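Okay, quick one from me today. Let me put the sequence and the structure up, and then I'll talk you through the sheet and what sits on it.

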Amino acid sequence: MMQRVGNLAVRSALTMVGLAGAVPTSRSALQGQLRFKAKAASKGLNRTYNYSPGKRLGLKTPQGTLVDEQHVLVRQRFEHYVAGENTYYGWDYTLLAARAGVVLMSRVDTPTEEKWMLQVHPNWQAYQKEAKRREKLRQVGRLPPEHSGPIT
């Protein structure tokens, strides 16, 4: 009578019968004898990782920057930034300057979310004069520091 139920018990029972060499003794030997056919031919590359470079989206020209015509202001997907005066959309929602001037940004409240509107102010000398005036008022304390938005 066999006391062990594992691999040794089977081997000892087969030895008594005389068939010990016909059965593989280890698991790796058993796996080496079994052969499975692949269902599909291998492509040679694991296609689960689609590595692609970043698209470099975002704001390209900050507020107060002097730009020329057709200068890229924002590269974006969909309308995170809205076109204002003297700006227009490219074919992929890129915001471009329609004429030379200074970039201005202002917040636009829509029913669903807040967006930024970009405008190009054509008279950049007047903009610089107004910016200097605001800076002086801010230093004196007549203009709060959080009100550093665009000229409206």
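So, β2 and β7: these two strands run antiparallel to each other, and 2 bridges hold up that pairing. Strand β7 covers residues 101-109. If you want a spot to zoom in on, take V67, whose bridge partner in β7 is G101. Bear in mind that this is a predicted model.

Now, which helix packs on this sheet? That's α3, residues 124-140, and α3 touches β2, β7 and β8, the last of these being 114-121. Look at the angle, too: the direction of α3 makes about 65° with that of β7.

Let's go back to the sheet as a whole. It's an open one made of 4 strands, and reading across you get β2-β7-β8-β4, with mixed pairing. Why do β2 and β4 each have a side without a neighbour in the sheet? Because β2, at 66-67, and β4, at 81-83, stand at the edges, each with a single partner strand.

Zooming out, the protein has 3 helices and 8 strands. From the N terminus you go through two helices, then the run of strands, and you finish on a helix: α-α-β-β-β-β-β-β-β-β-α.

A few overall numbers before I stop. The protein has 152 residues, and 18% of them count as buried. The exposed area is about 12,300 Å², with carbon and sulfur atoms supplying 55% of it. And for contacts between residues at least 6 apart in sequence, 38% join residues at least 24 apart.

Terms used. Residues are numbered from 1 along each chain as its sequence is written. This is a predicted model: local features need pLDDT of at least 70, side-chain atom pairs count only at pLDDT 80 or more; totals for chains, interfaces and linings use all residues. Side-chain values use heavy atoms; hydrogens and water are left out. Buried means under 20% relative accessible area, exposed over 50%, partly exposed in between (1.4 Å probe, protein chains only). Contact means heavy atoms within 4.5 Å. Accessible areas come from the Shrake-Rupley method with a 1.4 Å probe; for residues, only the protein chains shown count as cover. Two strands pair if DSSP finds at least two bridges between them. Axes are lines fitted to C-alpha atoms, for helices over the stretch in contact, and angles run from 0 to 180 degrees between N-to-C directions.
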